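Please work through the exercises below with the structure open beside you, and try each task before reading its solution.

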Amino acid sequence: MRTPLIALLALVATPILTTGASAHVVAVPDTAKAGSYSAIAFRVGHACATGDTTLKVRIEIPDGVASARPQVKPGWTYRLERGPDPKAAPTAITFEGRLPDEAFDDFAILMKLPAQNATGGDKLVFPVVQTCETGESQWTEIPSPDAPDAKLNRPAPTVTLIPNGAAPAAHQH
Ligand SMILES: [Cu+2]
């Protein structure tokens, strides 16, 4: 845990917290229409340790995403990793710059999402490695199908695909 205060808050607030509410690395938004072009931001809520500075954020692009373009960020560079097919989407995108622990930032990627998840589930998983001045945090844990709601220390950001044309749940009557 980062500080005793956060530990205490976690104890008190756990029943009402949703997964997206923790100050981890999360996808914003964490739902998107299957088959759509969607800009998804990867929100870095804190550094690897208290007072540390984030220097690098590497986001893996899952199979089935047909294109992925990073949003240019002033003060940050980006680097694309590609597989053998130059026309395929990058396999990973790495942003490099400086983000102090006291601040947060969003790293956006415009993606053509799969019509359905290539791996069969309704969630796309984006493993992220955050590199800081004093170490790194691997946001790569994936919920087990046996315990989908189990609390993970460093969950990978996920995007849930919703069927194209389906009304958002909040608008159903
Ligand atoms: Cu966190």
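**Exercise 1.** Does Phe-95 count as buried or exposed, and at what relative accessibility?

*Solution.* This is a predicted model, in which local features need pLDDT of at least 70 and side-chain atom pairs count only at pLDDT 80 or more, while totals for chains, interfaces and linings use all residues. Residues are numbered from 1 along each chain as its sequence is written, and side-chain values use heavy atoms, with hydrogens and water left out. Buried means under 20% relative accessible area, exposed over 50% and partly exposed in between, with a 1.4 Å probe and protein chains only. At 1% relative accessibility, Phe-95 therefore counts as buried.

**Exercise 2.** Find the aromatic pairs and say which parts of the chain they link.

*Solution.* Rings of Phe, Tyr and Trp (for Trp, its six-membered ring) pair if their centres lie within 6.5 Å, and planes under 30 degrees apart count as stacked, over 60 as edge-to-face and the rest as tilted. The structure holds three aromatic pairs. One of them joins Phe-42 and Phe-126, a tilted pair at 5.1 Å centre to centre with 55° between the planes. Since Phe-42 lies in strand 3 and Phe-126 in the loop between strand 9 and strand 10, the pair ties together parts that are 84 residues apart in sequence; strands here are DSSP runs (E, at least two residues), numbered from the N terminus. Phe-42 is buried at 0% relative accessibility, and Phe-126 is buried with a relative accessible area of 0%. Phe-95 and Phe-107 form a tilted pair as well, at 5.2 Å centre to centre and 50° between the planes. This pair links Phe-95 in strand 7 to Phe-107 in strand 8, 12 residues apart. Ring pairs also bring Trp-76 into a cluster with Phe-95 and Phe-107.

**Exercise 3.** Which cysteines does the disulfide join, and where do they lie?

*Solution.* A disulfide is a pair of cysteine sulfur atoms within 2.5 Å, and the structure holds one. Cys-48 is joined to Cys-132, with an S to S distance of 2.0 Å. Cys-48 sits in the loop between strand 3 (37–44) and strand 4 (53–60), whereas Cys-132 belongs to strand 10 (residues 128–132), 84 residues apart. The torsion about the S-S bond is about 75°, so the disulfide is right-handed. Both Cys-48 and Cys-132 are buried.

**Exercise 4.** Which residues touch the most other members of the largest nonpolar core?

*Solution.* A nonpolar core is a set of buried Ala, Val, Leu, Ile, Met, Phe, Trp, Tyr and Cys residues joined through side-chain atoms within 4.5 Å. Among its 26 residues, Phe-42, Ile-59, Ile-61, Ile-109 and Met-111 touch the most other members.

Note on methods. Helix = DSSP H or I, 4+ residues; strand = E, 2+ residues; numbered from the N terminus.
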